[in-house]
Amino acid sequence: MHKYQTEKFRLTAGPCAADDYWVTIQSASFINSQGTGFPVPSGHTLRGNWGASGTVWAVGDEFQAVPERLTARWFSYAEDKFYRGEFALPQEKLHALLKQGAWDLEKNKAVTYHTFTVCVLPKGVVVVWLTGGNQVLVGRYQAQEFQPSPAEYQDYYGPAERTSMVKETREEMPAKVQVEVKAGTISTKQWDEYLKTYNWQVAFNVPFALREYSFYGVNAERRLNPLTRDGLEPYRQFVLAPAPKPVPRRFYLHGTAEHGAQYEVRVSDFDEAETLAAFRALHTASPKSPITLLFTIDKPFQKATMTLQNEAKQIPLTKTKVEVFNED
């Protein structure tokens, strides 16, 4: 076998679900080329936390070979359906990511990924990230609906118990989900929008030498650290040059002004609907034109606004608050 199939890393897995669409994972495991692996915690009712998991299990050897596939089966309360699937993973790419890791700017040391985060969505969709400081998207996968046999029901839910349980659980779900259940309009559109990337960059109207940043995307990816100790320039260019990136959810930019003072430009929470709509509109208007997220900062470095623009049009992001803090 190749080294990427056998080399071991400290790995675990954590589950999550689409916010407000409750599920229970009956069983799920990451399987390596030797046919062994490690489980995704199961048996819990998952209510949300897109891209983030607060549940991990310490089971077996903490050092594991890079998995080549994921198997999963679960029950969706909103849909009253069982799903299962086996999904091929980009094993060689995962090995490269684990070997590369990143340089933790705060701790000033090399770190690597340690957790596979598994998110179960409506319609049998599964999204997987590799997590540890930075978080990168592994892939989106499609499971198939299935009906458990009578023998399998003893491991899950009997028909009568299932009907009662689904009714009671749905009544606890948010009103918007209950409306979708009754109308039969549950879809994956929201999360498919999150997973789209656009060719965009950050710019400032005044000289502002970027030192470091924390970027969080709506697709649950995050970039906090450069890949190596000496890789600060490529790390900065990730935001300062046009490149495919997810729509931002949060952004913290630390830099030095022309007069030498250091500042943080902070966007704690982009208005999701406004920002997604602006990216879509600009891309539709000029699909090949890079998009620029322009921060306009006043001369005293006390206030800032944002505009999303390309060669076709400009769209001010008026619903999103930008804060500027002096770090000296």
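User: Why is Arg-280 called partly exposed?

Analyst: In this predicted model, the relative accessibility of Arg-280 is 34%. Buried means under 20% and exposed over 50%, so 34% falls in between and Arg-280 counts as partly exposed.

User: What makes the contact of Arg-280 with Glu-193 a salt bridge?

Analyst: The closest N and O atoms of Arg-280 and Glu-193 are 3.0 Å apart. The cut-off is 4 Å between a side-chain nitrogen of Lys or Arg and a carboxyl oxygen of Asp or Glu, so the pair qualifies. Arg-280 belongs to helix H8 (residues 272-285) and Glu-193 to helix H6, 87 residues apart, and the pair links distant parts of the chain.

User: Is Glu-193 buried or exposed, and how do you know?

Analyst: Glu-193 has a relative accessible area of 14%. The limit for buried is under 20%, so Glu-193 is buried.

User: Which partner does Asp-192 have, and why is that pair called a salt bridge?

Analyst: Asp-192 meets Arg-140, with 3.0 Å from N to O. That distance is within 4 Å, so the pair is a salt bridge. Asp-192 lies in helix H6 (residues 189-195) and Arg-140 in strand E13 (residues 134-142), 52 residues apart. Asp-192 is partly exposed at 28%, and Arg-140 is partly exposed at 38%. The structure holds 16 salt bridges, and one network of them links Glu-68, Arg-69 and Glu-86.

User: How many disulfides are there, and how do you know?

Analyst: The count is 0 disulfides. For Cys-16, the nearest cysteine sulfur is that of Cys-119, 3.3 Å away. A disulfide requires the two sulfur atoms to be within 2.5 Å, so the pair of Cys-16 and Cys-119 does not qualify. Cys-16 is buried at 1% relative accessibility, and Cys-119 is buried at 0%.

User: Where is Asn-32, and what makes it buried?

Analyst: Asn-32 sits in the loop between strand E3 (23-31) and strand E4 (37-39). Its relative accessible area is 3%, and buried means under 20%, so the label applies to Asn-32. A polar atom of the Asn-32 side chain lies 2.9 Å from the backbone nitrogen of Gln-34. Leaving out residues up to four places away in sequence, Asn-32 touches several residues, among them Gly-37, Pro-67 and Glu-68.

User: Why is the aromatic pair of Phe-87 and Tyr-141 called tilted?

Analyst: The ring centres of Phe-87 and Tyr-141 are 5.6 Å apart, and their planes differ by 35 degrees. Under 30 degrees would count as stacked and over 60 as edge-to-face, so 35 degrees is tilted. Phe-87 lies in strand E8 (residues 81-88) and Tyr-141 in strand E13, so the pair ties together parts 54 residues apart in sequence. Phe-87 is buried at 6%, and Tyr-141 is buried at 12%.

User: What makes the pair of Tyr-213 and Phe-251 edge-to-face?

Analyst: The angle between the planes of Tyr-213 and Phe-251 is 80 degrees, with 6.5 Å centre to centre. Over 60 degrees counts as edge-to-face, so the label follows. Both Tyr-213 and Phe-251 are buried, and both belong to a cluster of ring pairs that includes Trp-200 and Phe-238.

User: How do you know that Lys-245 is within the distance limit for a charge over the ring of Phe-238?

Analyst: Lys-245 lies over the face of Phe-238 at 5.3 Å from the ring centre. The distance limit is within 6 Å, so 5.3 Å meets it.

Definitions and conventions. Residues numbered from 1 in each chain as written. Predicted model: local features only at pLDDT ≥ 70, side-chain atom pairs only at ≥ 80, totals over all residues. Heavy atoms only, no water. Helix = DSSP H or I, 4+ residues; strand = E, 2+ residues; numbered from the N terminus. Buried < 20%, exposed > 50% of the residue type's maximum accessible area, 1.4 Å probe, protein only. Polar contact = N/O pair within 3.5 Å; in protein donor to acceptor, adjacent residues only side chain to side chain. Contact = heavy atoms within 4.5 Å. Phe/Tyr/Trp six-rings, centres within 6.5 Å; stacked < 30°, edge-to-face > 60°. Lys NZ or Arg CZ within 6 Å of the ring centre and 35° of its normal.
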